[in-house]
Amino acid sequence: QRIMKSIEYIKKSPGFVHEYCPIFSKLQVDQICRKWYNKDKLQLLVYDYIKPSGKMAAEISQGMGLIADYLKSVAGNLNIAALAGLQLNRLTGELADSLKTERYADVLLHWVEKPARLVNEDGLACGNFAIRVMKNRNGPIHDENDYVDIRFIGDLMSIQEAERHQPHSDNPF
């Protein structure tokens with residue numbers, strides 16, 4: 001029921017357009033982006049999510065990297081920003097299946113739920129999730145142990161920037 005409400009909200013909101021594209025196709029992504037760009041309704045491309053395909057590790061890594069590179073190319077050609085999701089390896093916390101994706105991305109962000117200890121240290125006003133910058137081709141913009149505080153409310157599908165936490169001297173994660 002919550003999912004259906006969220007889908008209806010997205011469909012009715014003038015600022016959102018959702019196109020279902022379950023299997024990556026350069027032609028389909030390009031057509032969708034150009035259609036909405038030409039209607040002056042595309043300012044940000046969000047691709048959820050780059051999925052692995054193939055049987056061999058090298059083939060999977062290559063494929064995911066090419067998708068990331070293509071999305072970056074489309075965004076660059078249209079002069080818009082692009083955001084794509086990727087899975088992390090549950091054991092290592094590293095990008096799953098693709099070092100090539102890491103090579104092509106300008107900025108890698110890791111969205112992580114704050115451990116209860118950190119929520120208590122930072123305070124509830126600082127949110128329940130954090131976004132950490134893992135890589136930034138444009139150079140570091142903050143301290144290595146820093147992160148952006150966000151409040152994620154799953155029931156409402158809401159993500160808000162929260163109050164800023166006090167700096168930590170060591171890695172809090």
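His-168 is a good place to start: this residue lies in the segment after strand 6 (158-161), where helices (H or I, at least four residues) and strands (E, at least two) are DSSP runs numbered from the N terminus. The model is a predicted one, in which local features need pLDDT of at least 70, side-chain atom pairs count only at pLDDT 80 or more, and totals for chains, interfaces and linings use all residues. Residues are numbered from 1 along each chain as its sequence is written, and side-chain values use heavy atoms, with hydrogens and water left out.

Is His-168 buried or exposed? His-168 counts as buried because its relative accessibility is 17%; buried means under 20% relative accessible area, exposed over 50%, and partly exposed in between (1.4 Å probe, protein chains only). Its side chain is joined to that of Tyr-147 by a polar contact of 2.9 Å. Such a contact is a pair of N or O atoms within 3.5 Å; within protein, one must be able to donate a hydrogen and the other to accept it, and residues adjacent in sequence count only if both atoms are side-chain atoms.

Now to the strands. Strand 1 (44-47) has a covered face with Leu-45 and Tyr-47, while Leu-44 and Val-46 are on the uncovered one. Strand 1 pairs with strand 2 in the parallel sense over four bridges, pairing being called when DSSP finds at least two bridges between two strands. Leu-44 has Ala-81 in strand 2 as its bridge partner. Together with helix 3, the two strands make a right-handed β-α-β unit; right-handed means that, with the strands pointing away from the viewer, the path from the first strand over the helix to the second runs clockwise.

The loops hold some backbone details worth a look. Between strand 1 and helix 3 (57-78) sits Tyr-49, and the peptide bond leading from Asp-48 to Tyr-49 is cis, with omega near 0°. Two non-glycine residues with positive phi are listed here.

| Residue | Phi | Loop | Relative accessibility |
|---|---|---|---|
| Asp-40 | about 60° | between helix 2 (26-38) and strand 1 | 68%, exposed |
| Asn-79 | about 60° | between helix 3 and strand 2 (81-84) | 71%, exposed |

Finally, Met-4 lies in helix 1 (residues 2-12) and counts as exposed because its relative accessibility is 52%.
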